[in-house]
Amino acid sequence: MKALTQKLTKATLNAFSADGALASHVQGYSAREVQISMASAVCEAIAEQHNLVVEAGTGVGKTFAYLIPALLSGQQVIVSTGSKNLQEQLFYKDLPTLLSLLKLTPKVALLKGRNNYLCQELLEKQLQACDSLDTKVLDDLLRINQWAGQTSDGDLGGLTSVSETSDALPLIASRREVCSGKKCAHYEVCYTRKARSKAMDAKVIVVNHHLFFADRVLKETGFAELLPESDVVIFDEAHLLPDIAVTYFGQQLSTRSFSELLNEIINIYRNELRDSAQIETLTSRCIRFFNDWHQQLFEYDETDWRRLMGELQIAASSWELIAEFKALENLLIGHLGRSDDLDSAVEKLNGYIHKLNQFFLCDNEQAAYNIDYGHRYLTLRIAPIHVSRECEQLFDPKTAWIFTSATLQINRDLSLFTKDLGIDSAKKMILDSPFDYFNNALLCVPRHLSRVSYHDAAVRDLVAVATKAINAAQGRTFILFTSHRMMNAVATVLSSRVQYPLLVQGQAGKQSLLKKFRQLGNAVLLGTGAFWEGVDMRGRLLSCVIIDKLPFVSPDDSLYRARADSISRDGKDPFATLSLPQAVISLNQGVGRLIRDEKDKGVLILCDNRIVNRPYGQAFLNSLPPMKRTRDMDQVVTFLEKIK
């Protein structure tokens, strides 16, 4: 084991050396001590099959630090990311570059969740039903059909002729619920199946966290064993894992699935079982009950199911809905064997009723029951409070598990992350950014701010601060918000105060807005959670990041309340144990948008004076990069004007 570690470490360090592969082929390359430290730790973890957790600050070069040892090891490797952007950067840029430099030729594969691939069967069905479609949707479907004749992989990420927010995309994206597998006429050319086959044959596979957990935990991707067993699994953007694990160790059910199943049963009756009119009668009755119940929930717009079941009207209609579905199931059971499609529908209906019954009972004190509201449908979720035991079983000792992110620690401590995932025994490292934050960045918490809870006053203060900063920076500013309400209020007022282009989340898709920000060169972008991470604006494109307030989770969030109650029962403080650590990590993600390169300079403005006048503020400050600090906006203006 020791000899293997030494061999891999030697090969890795050679690649990073002054006359190694990187220095010989990467312009401007210079060895970074922190990067080499991380690469050495990854070598040891791979060779000795142990778990490693590394917080690597911006500029450490963590991607090459884990990819080079993984590739040189020659082992079966899965790299999992939290975002499509990083996933595609790894596959299309970083991996080809390193494989060329290291003169290695393993098979590599990119695998996304199945809803990222075109389903030829669904596209065909939608085009056949074109008379009932909206004109804009039909136009987009025709564009997709044209693209379908040109694409080799069916990856919807490569579809540029249709907006990423188009209503046509959900209609033709591959979905497990409607997949007929080998019965499908397009099975041999199915893009999702081909992507899976390519992954099974690859030595290095790039996936995302959702797909990884869907495969390992639920096996509900529609293809059973989607990913091969691997020797090494590397999680980049690992700070997202605890929340994603909660999703996959819990249960979820979309009301869209119910709606589609009921319509499917009606079609089966009309096409195959016209002699059984009661099927249509009972199914239509279920559809009416379902639609009424569905509409009720949208009217209440409450996310906590336990609270909703306290409403007599909701509770009564929910149990009536179960009774109607069971009556339909009993009727359909009498027709089993008459139609393969009906047999499949009955099996689905039984599973849905079971999940719905579990959700309505909400009798597990160690879980939160909540509703996610979509545009037309709901998702019912049961989320466990703790997943450490499940994760401990998932991360088996035969594999080297490596977890890395720029934001994992609280007060220089990684134990919150490792406890959440049941990996307390993992080796831990914190590697600070090599960038000169002290001279290149300035943190400002302006004086005389109103309380963040005073909405109108907070809007007024933020607009005043932002106007001064934006004018000094000549645009080139991100304003990050913790709520859409605040974002929209500020956008409305700010539009008449500054002359620079305003790009507001919701005007277009995330990538479209970021592309426009780059093209304009003097824009101001306003966004919420989606823009706090996974955004890389280097150089003079971005000089100022403004954050409206400390990103504490809402105390009304059902999962937070369930976790907080559990922590209180154990005699601990939910704020210190749960709320504060989560907020620190979230803030660090937002702050990380500012300095992306060693030559970058910029100002971070936090419009929340709790960070300086509350005792817990020190936990935030201790976790931020070592920037100079001020409370004087005049210093901010001077700093920004020098960057120009």
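A cavity, on a 1 Å grid over the protein atoms alone, is a set of points where a 1.4 Å probe fits but cannot get out, and its lining residues are those with an atom within 4 Å of a point. Grid points are joined across faces, edges and corners, and a volume is the space filled by probe spheres set on the points. The model on your screen is predicted, so local features need pLDDT of at least 70 and side-chain atom pairs count only at pLDDT 80 or more, while totals for chains, interfaces and linings use all residues. Residues are numbered from 1 along each chain as its sequence is written, and side-chain values use heavy atoms, with hydrogens and water left out.

**Stop 1: the cavity**

Select Gln 251, Gln 252, Leu 253, Lys 355, Leu 356, Phe 359, Leu 380 and Ile 382, which line the largest cavity. A search of the whole structure finds 1 cavity of 30 Å³ or more, and the largest cavity holds about 60 Å³ of space. Now colour strand S6 (251-254), helix H16 (340-361) and strand S8 (378-384), each of which supplies at least two residues of this lining; helices (H or I, at least four residues) and strands (E, at least two) are DSSP runs, numbered from the N terminus. By class the lining has 5 nonpolar, 2 polar and 1 charged residues, where Ala, Val, Leu, Ile, Met, Phe, Trp, Tyr, Cys and Pro count as nonpolar, Asp, Glu, Lys and Arg as charged, and the others, Gly among them, as polar.

**Stop 2: aromatic rings**

Keep Phe 359 selected and add Phe 258, Phe 290, Trp 293, Trp 305, Trp 319, Phe 325, Tyr 352, Phe 360 and Tyr 369, which together with Phe 359 form one aromatic cluster. Rings of Phe, Tyr and Trp (its six-membered ring) pair if their centres lie within 6.5 Å, and planes under 30 degrees apart count as stacked, over 60 as edge-to-face and the rest as tilted. By this rule the count comes to 28 aromatic pairs.

Move next to Phe 235 and Phe 395, an edge-to-face pair with 6.1 Å from centre to centre and 65 degrees between the planes. This pair links distant parts of the chain, since Phe 235 is in strand S5 (residues 232-235) and Phe 395 is in the loop between helix H17 (388-394) and strand S9 (400-405), 160 residues apart. Add Phe 403, which forms a stacked pair with Phe 235, at 5.3 Å centre to centre and 20 degrees between the planes. Because Phe 235 lies in strand S5 and Phe 403 in strand S9, the pair ties together parts that are 168 residues apart in sequence. Both Phe 235 and Phe 403 are buried, where buried means under 20% relative accessible area, exposed over 50%, and partly exposed in between (1.4 Å probe, protein chains only).

**Stop 3: Val 53**

Stay with Phe 403 and select Val 53, found in strand S1 (residues 52-56) and buried, with a relative accessible area of 0%. Leaving out residues up to four places away in sequence, Val 53 touches a list of residues that includes Phe 403, Phe 417 and Met 429, where contact means heavy atoms within 4.5 Å. The C-alpha atoms of Val 53 and Phe 417 are separated by 9.0 Å, although these residues are 364 apart along the chain.

**Stop 4: two positive phi angles**

Most residues other than glycine have a negative phi. Select Asn 411, in the loop between S9 and helix H18 (415-420), which has a positive phi of about 55 degrees although it is not a glycine. Then go to His 448, in the loop between strand S11 (441-444) and helix H20 (455-473), where phi is near 60 degrees. Is each residue buried, partly exposed or exposed? Asn 411 is partly exposed, with a relative accessible area of 39%, whereas His 448 counts as exposed at 75%.

**Stop 5: Phe 531 and the cysteines**

Select Phe 531, in the loop between strand S14 (524-527) and strand S15 (544-547), which is buried with a relative accessible area of 1%. Among the residues that Phe 531 touches, not counting those up to four places away in sequence, are Leu 480, Gln 505 and Arg 593.

Finally, show the cysteines: a disulfide is a pair of cysteine sulfur atoms within 2.5 Å, and by this rule the count comes to 0 disulfides. Cys 544 is in no disulfide, and the nearest cysteine sulfur, that of Cys 444, is 9.3 Å away. At 0% relative accessibility, Cys 544 counts as buried.

Key:
1 Å grid on protein atoms, 1.4 Å probe; cavity = no way out; pocket = protein on both sides within 12 Å on 5 of 7 lines; lining within 4 Å.
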